[in-house]
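Please walk me through this model stop by stop, telling me what to select in the viewer and what I will find there.

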Amino acid sequence: MSSESMHSFKSSNTKNHAYAPKKTAICVIVGHGIEAITSAVVLASLGQQVHLYADSALLEQQLQQYGFEHHLQALWQLYDQQQQIISQPLPTSADQLIQIYESVSNNDSLPATENSKDIENPQVALYWLFLDSIKTTWSDDSWVTAFNHSHQQTRPIIMSGIEQLGGISVLAQRLQRAWVYYVPFVFLQDGETYSSMLTPSLWLLGEKTPDSSHHLTVLQPLMQHAHACHHADIATIEFARSSIMAMLATRVSFMNEMSRLADSQQVDIQQVSRIMGLDERVGSSYLQAGWGFGGNTLPTELDKLQQSGQKNSVDMPLLQSVMHINKDQKELIFRKFWQYFDGFIDNKTVMIWGGSYKSGSGRTAGSAIHPLLELLWSYNIRTLVYSDKAQTELAASYDNQPLLQLVTSPYQQLDMAQAIFIITLLPQHQLDVAQLNQRALPIFDAQNALTRPQIDALVGDYMGIGRAK
């Protein structure tokens, strides 16, 4: 897929058509992040015409970084070729964007497509603004003012993004129109972005005007397909979004804290988490001990929530503890390695499996692999890394690091290593215990990826998070 095909409007020869001009409704999306890209693809798959405005370089970069999202990439390319999604560089001001669709001569201002001459008086179905993407180009004052001067005050505006509590509600109140909404992407899952949005686990909708979701006609299929759906005022949805994310992070850090106590008691924390999950008051999600949480969403959410607490003079010691535990947890597996070798670790060679912040993703933001690599390299330790989905990102991040070698198989050059680290191991990965036992290497499992039968079958030593042989 060329950058030209991904990020430019198509110009084509005008064709003569026998049928009469028609009206069309266009979903205008502004943003370059994975949420904006996924929204464009999902809306296109629902039969909508999408115009996506974004920083072209950042859009291309994001598409490359999410190359592991094969289904999303294939659909993006298809809809791009069919001109059902048309992408264009982000105008320097919101005024310029709005004028494209409010121009007296619409067809001269609209993106040139094969059927552009057949479209009469194109209408905007909605504007969807991804605040994280636009804030570097448009100030809040400028784009709010532009939309307030728009002649299309009945067109819905959707906002998405993570801001301090109440920030999006304030923006909604400043917009002088009734149909303003907020959609938080609490449902999006790396590795399954398309399917997780098409059938959301939880669809939250903030409404400036109560009971007005029927104005979002094009989004009705998503609301109907959601496993759970709730509408409320925007401030409440913002608070619910932050509370959900903070609760998930708290559960992770709690289990990681308990894993350290489990180590001292020689109890398998994974078995404990399964027992806890049997209690319906607790549930089983986010109870897996490991190296902690990463990615962009949870850390950003906690940072914004902490800022909200400081702004309102509210102490949040629990939240601070969650963040502290998570940061410290990323170095725990290295400390286990250091203790195992009594500190004599200089100049060794180790194998590392996985590098992404979660199984199924190719992103390494917030992953434990980064502090682990830095610590290992400080002891001049050579690192062999196998991470099928994150290879590209790791190669770009550490292009000139002589102690890093990316390998194409988990067992490639394993005979050179004195230890194995596991950061993220896909559930379907078939561990070759027989091959591991030929070397009897100690395994430091930061994800608790191995099953108890696999651990028991190992000849070498095993150290997990709250687990051991």
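## Stop one: salt bridges

Start by selecting Asp279 and Arg281: they form a salt bridge, with the closest N and O atoms 2.7 Å apart. Keep in mind throughout that this is a predicted model. Colour the pair by accessibility and you will see that Asp279 is partly exposed, at 25% relative accessibility, while Arg281 is exposed, at 75%. Across the structure, the count comes to 11 salt bridges, and the next few selections visit some of them.

Now select Asp328 and Arg335. Their side chains meet in a salt bridge, at 3.0 Å from N to O. Asp328 is partly exposed, with 23% relative accessibility, and Arg335 is partly exposed as well, with a relative accessible area of 28%.

For a pair set in other surroundings, go to Glu393 and Arg363. Here the closest N and O atoms of the salt bridge are 2.9 Å apart. Glu393 belongs to helix H18 (residues 391–397), whereas Arg363 sits in the loop between strand S9 (349–353) and helix H17 (369–378), so this salt bridge ties together parts that are 30 residues apart in sequence. Are these two residues buried or exposed? Glu393 is buried, with a relative accessible area of 14%, and Arg363 is buried too, at 9% relative accessibility.

Finish this stop by selecting Asp268, Arg452, Asp456 and Arg467 together. These four residues are linked in a network of salt bridges.

## Stop two: the cavity

Next, turn to the interior. How many cavities of 30 Å³ or more does a search of the whole structure find? The search finds 1, and the space inside the largest cavity is about 40 Å³. To frame it in the viewer, select Ile420, Leu436, Asn437, Ala440, Leu441, Ile443, Leu458, Val459 and Gly460, which line this cavity. Colour that selection by residue class and you get 7 nonpolar residues, 2 polar ones and no charged ones.

## Stop three: the cysteines

Show the cysteine sulfurs. The structure holds 0 disulfides. Cys27 is one of the cysteines without a disulfide, and the nearest cysteine sulfur to its own, that of Cys229, is 18 Å away. Why is Cys229 not bonded to Cys27? Because the sulfur of Cys27, the closest cysteine sulfur to that of Cys229, is 18 Å away, which is too far for a bond. The surroundings of the two can be compared with a surface display: Cys27 is buried, with a relative accessible area of 0%, and Cys229 is partly exposed, at 37%.

## Stop four: looking down helix H3

Select helix H3 (residues 56–65) and highlight Leu59, Gln62 and Leu63, which are buried. Then rotate the view until you look along the helix axis: the buried residues of H3 fall within an arc of 100 degrees, so they line one face of the helix. The general geometry helps here: an α-helix has 3.6 residues a turn, so residues three or four places apart point the same way. Which exposed residues sit on the face of H3 turned away from its buried side? Add Ala57 and Gln64 to the selection to see them.

## Stop five: two positive phi angles

As a reminder before this stop, most residues other than glycine have a negative phi. Select Asp211, where phi is near 55 degrees, a positive value in a residue other than glycine. Asp211 lies in the loop between strand S7 (203–207) and helix H11 (220–225), and it is exposed, with a relative accessible area of 68%.

Then move to Ser313, another residue other than glycine with a positive phi, near 55 degrees. You will find Ser313 in the loop between H14 and helix H15 (317–329). Ser313 counts as exposed, at 69% relative accessibility.

## Last stop: Lys311

From Ser313, step back into helix H14 (residues 297–311), where Lys311 lies. Lys311 is exposed, with a relative accessible area of 65%. To close the tour, draw a distance from the C-alpha atom of Lys311 to that of Leu188: the two residues are 123 residues apart along the chain, and their C-alpha atoms are separated by 29 Å.

Terms used
Residues numbered from 1 in each chain as written. Predicted model: local features only at pLDDT ≥ 70, side-chain atom pairs only at ≥ 80, totals over all residues. Heavy atoms only, no water. 1 Å grid on protein atoms, 1.4 Å probe; cavity = no way out; pocket = protein on both sides within 12 Å on 5 of 7 lines; lining within 4 Å. Points joined across faces, edges and corners; volume = space filled by probe spheres on them. Nonpolar A, V, L, I, M, F, W, Y, C, P; charged D, E, K, R; others polar. Disulfide = S-S within 2.5 Å. Buried < 20%, exposed > 50% of the residue type's maximum accessible area, 1.4 Å probe, protein only. Helix = DSSP H or I, 4+ residues; strand = E, 2+ residues; numbered from the N terminus. Arc of directions from axis to C-beta.
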